[in-house]
Amino acid sequence: SDISSLGDLTGKRVLVRSDLNVPLDGTDITDDGRIRASVPTIQQLSDAGARVVVTAHLGRPDGSPDPKYSLEPVVSRLSELLGRPVAFATDTVGASATETVAGLQDGDVAVLENVRFNDGETSKDDAVRGAFADQLAQLADAFVSDGFGVVHRKQASVYDVALRLPSAMGGLVAAEVDVLRRLTEQPERPYVVVLGGSKVSDKLGVIDNLIDKADKLLIGGGMVFTFLKAQGHEVGKSLLEADQLDTCTRYLTEAADRGVEIVLPSDVVVDTAFPSGDRQPEPRVVAASEIPADALGLDIGPESAAAFAAALADARTVFWNGPMGVFEVDAFAAGTRAVAEALTKVDGLSVVGGGDSAAAVRQLGFDEAAFGHISTGGGASLEFLEGKELPGIAVLERD
Ligand code: 3PG
């Protein structure tokens, strides 16, 4: 149910779970996409006269306060984007939180300090999580779940609090669910899935679920070297998950049996070391079947980038998760750039999923509006496409 189901919000304290987990360099926000995506719901609640109490996490602290993971820099950015002051409580459910919430006027916005500074948030013990959720619930009259990036987490501020307050789905979560359902329920064909990123093991569930839904699976990024090795090629010093070789072999066979085309790069960009510090990259293009023993693959090559773009040209539905290479370094960004470029030209639904790929398209200077949808969820969008039940959605949709 959406926010309107909560009735008149004037003067009501509304707890909103947002995903404000942005990449930081010290206290500098390097990509504010998630903060921007969270603004419309916060604004909507404020406009409705609610006293808005935002709860969110940053990083993975160990369940106790750690200044490195303070939400303070995020609060400044949120305030700029909203164009209004935002109060900040220096704890999540303690004296500062209680006082801050009590001081709110209708339409005001406050952010509580990192919810993961409390061990109850992520506890596996239902009773411990529940006790913390009780404390969160005391701060509000209603709950709005708007942090799509965390709906796959059974955590107090995502799941348990929704059992304790009248709850609704925020517009961001609703929009994400709507688009991702279109990828899983009768997608228009051809349906092309592009996977990258470093690990095959992160993508097993999604490959399992999409191998009979997609028409083509294009694979790049660090994970591709395990596939190339499974095909019998040497991969030099490239990333390799030896324990996933059998799985990759099985996928290659299964795809062939089911008429799904798995497209691997025919060429790769290699260097003799992973980019770091002041060392100038020395990129070289080699055939994927001839990676030298002293080299490691850091991007797909130009021939592969063109082949991937061609495979995307007539697609009607595309899902892309994971960069094709080390896009943060210019010498190894061309593959990721080519895939992003090809997605902007798709005549149909193009979805960019995942924190890294979403950050990549912004960092490479693409206009977000050129994509059908850029998901704010990394793990959440993958688990959705794996066909798993997401606790943070299920709890809102229960009878
Ligand atoms: C993300 O970064 O994908 C979300 O914010 C969830 O973070 P988590 O993986 O630490 O739960």
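Two strands count as paired here if DSSP finds at least two bridges between them. With that in hand, welcome to a short tour of this predicted model.

**View 1. Strands β1 and β4 side by side.** In β4, V53 is the bridge partner of L15. Five bridges link strand β1 (residues 13-17) with strand β4 (residues 51-55), and the two pair in the parallel sense. As a reminder, strands of a sheet pair through backbone hydrogen bonds, either parallel or antiparallel.

**View 2. The open sheet that holds β1 and β4.** Stepping back, you will find six strands in the order β5-β6-β4-β1-β7-β8, with parallel pairing. At the edges sit β5 (87-89) and β8 (167-169), each of which pairs on one side only. From one strand to the next, the twist averages 25 degrees.

**View 3. Where the two domains meet.** The chain is divided into domain 1 (3-174) and domain 2 (186-385). Their C-alpha centres lie 34 Å apart. Domain 1 gives 12 residues to the contact and domain 2 gives 10 residues. On the side of domain 1 that touches domain 2, helix α1 (residues 33-47) supplies the largest share, three residues. Sorted by class, that side of domain 1 has six nonpolar, three polar and three charged residues.

**View 4. A second open sheet, with helices packed on it.** Here six strands follow the order β11-β10-β9-β15-β16-β17, and the pairing is parallel. The edge strands, each pairing on one side only, are β11 (261-263) and β17 (373-374). Look for strand β15 (residues 317-321) and strand β16 (residues 349-353), which run parallel and are joined by five bridges; N321 stands opposite G353 in β16. Helix α5 (residues 171-184) packs on this sheet and touches β15, β16 and β17, its direction making about 115 degrees with that of β16. Helix α10 lies across β9 (191-195), β15 and β16, and runs at about 150 degrees to β15.

**View 5. Helices α9 and α10 packed together.** Helix α9 (residues 302-313) and helix α10 (residues 334-344) pack at an angle of about 15 degrees, and their axes are 9 Å apart. Angles under 35 degrees count as roughly parallel, so that label fits α9 and α10. The crossing of α9 past α10 is right-handed. For your side-chain display, the α9 residues to pick are P302, S304, A305, F308, A309, L312 and A313, which meet A334, G335, A338, V339, A342 and L343 in α10. The residues of this contact comprise 11 nonpolar, two polar and no charged.

Technical notes. Residues are numbered from 1 along each chain as its sequence is written. This is a predicted model: local features need pLDDT of at least 70, side-chain atom pairs count only at pLDDT 80 or more; totals for chains, interfaces and linings use all residues. Helices (H or I, at least four residues) and strands (E, at least two) are DSSP runs, numbered from the N terminus. Axes are lines fitted to C-alpha atoms, for helices over the stretch in contact, and angles run from 0 to 180 degrees between N-to-C directions. Angles under 35 degrees count as roughly parallel, over 145 as roughly antiparallel, 65 to 115 as roughly perpendicular and the rest as oblique. A crossing is left-handed if the near helix is turned anticlockwise from the far one by less than a right angle, and right-handed if clockwise. Two residues are in contact if their C-beta atoms, placed from the backbone, lie within 7 Å. Ala, Val, Leu, Ile, Met, Phe, Trp, Tyr, Cys and Pro count as nonpolar, Asp, Glu, Lys and Arg as charged, and the others, Gly among them, as polar. Domain bounds come from an automatic or database domain assignment.
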